[in-house]
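Hi,

Here is the structure I promised to pass on. Have a look at it first, then read my notes below.

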Amino acid sequence: MSVMQNRFYDRTDLMRTTDAKKEYFLDSRDFDSIPCIREKGFFGCGGSTFWFRKDDLEKAALRKHGEDVLKKKREARAKRNESKRRRSEEARQALAELHANKKPAKIDGVEVCVIDATQEEQMEQKDIKDAKLLKKNLLSMCKRALKMYPNGHPMPISLEIPNVSAGVFAALLDRAGDHELKTFEKQGAYIKHYDSAPSFFSSTQEKLTRSYHMDRVAVTMCDRILLMYKPSLKVLTLKGHGEITNIPGDNW
């Protein structure tokens, strides 16, 4: 980060437009009348960033909402944040319990073979098997989705997989047995999980690449992916994007 950027980012009395909208319940039109400091963007780093003094933002919020309404909005947000914190803590506790109760796959390096497994254990094993197959298919679909627009810009990746049971989704993220999805923090109708593509696919960045030899470039899957699951419809969505790279082993 440059010295100029540090000048703004390290100041506690300033806030960027995006953060100010959320913090003070403002929309784009409200900023027209608020004094700002403009930080010019550098080449290849996007447009300008606008910084606002928190005192000015507070005054604008009071003008727009009034003291009573603004107070109620902040109290409602505090309740939402507390509810979110509680759900997150419950999910962490459920995940810890799941791991604590999980039977080891190996003892002293020897695989454990379970005879007369319970129905629940058989279901868990089936979920793990289906999740492995699903992950393999997702990897194949992601590599096929590493495409470019005619202008050479990588296309976004968006895959939608129907008929994914809650048990398979849980097993997909190493939480087999969590059929009620208690180890996940729900956000509305969806469960959202961010992950690293190489970690999720147990692969390397070089292998998450599709080469275009005629153009002497490749599209490589970016590290961050988003998995969204809607339990009510049993639909799994994977979102990601690629970036232009050189073909592995090809020196420019």
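Keep in mind that this is a predicted model. Let's start with helix H3, residues 54-65. With 12 residues at 1.5 Å a residue, H3 should span 16 Å, and its end C-alpha atoms are indeed 16 Å apart, so the two agree.

Which residues of H3 are buried? They are Asp56, Leu57, Ala60, Ala61 and His65. Looking down the axis of H3, you'll see these buried residues fall within an arc of 145°, so they line one face of the helix. The general idea is handy here: an α-helix has 3.6 residues a turn, so residues three or four places apart point the same way. Over on the other side of H3, Asp55, Lys59 and Arg63 are exposed.

What covers the buried residues of H3 includes strand E1 (14-16), helix H2 (17-24), strand E3 (49-53) and helix H4 (67-101). Right after H3 comes Gly66, with a positive phi near 85°.

Now for the cores. The largest nonpolar core has 35 residues, and the ones touching the most other members are Leu138, Phe169, Phe200, Met221, Leu236 and Leu238. Helix H6 gives this core its largest share, 6 residues. Try clicking on Phe200: leaving out residues up to four places away in sequence, Phe200 touches Lys135, Leu138, Leu172, Leu173, Asp195, Ile225, Leu227 and Leu238. There is also a second, separate core of 12 residues, which includes Phe31, Phe52, Leu57 and Ala61.

Last, the cysteines. The structure holds 0 disulfides. Cys36 is partly exposed, at 41% relative accessible area, while Cys222 is buried, at 11%.

Cheers

How values were computed
Residues numbered from 1 in each chain as written. Predicted model: local features only at pLDDT ≥ 70, side-chain atom pairs only at ≥ 80, totals over all residues. Heavy atoms only, no water. Disulfide = S-S within 2.5 Å. Buried < 20%, exposed > 50% of the residue type's maximum accessible area, 1.4 Å probe, protein only. Helix = DSSP H or I, 4+ residues; strand = E, 2+ residues; numbered from the N terminus. Expected span 1.5 Å × (residues − 1). Arc of directions from axis to C-beta. Contact = heavy atoms within 4.5 Å. Core = buried A, V, L, I, M, F, W, Y, C linked by side-chain atoms within 4.5 Å.
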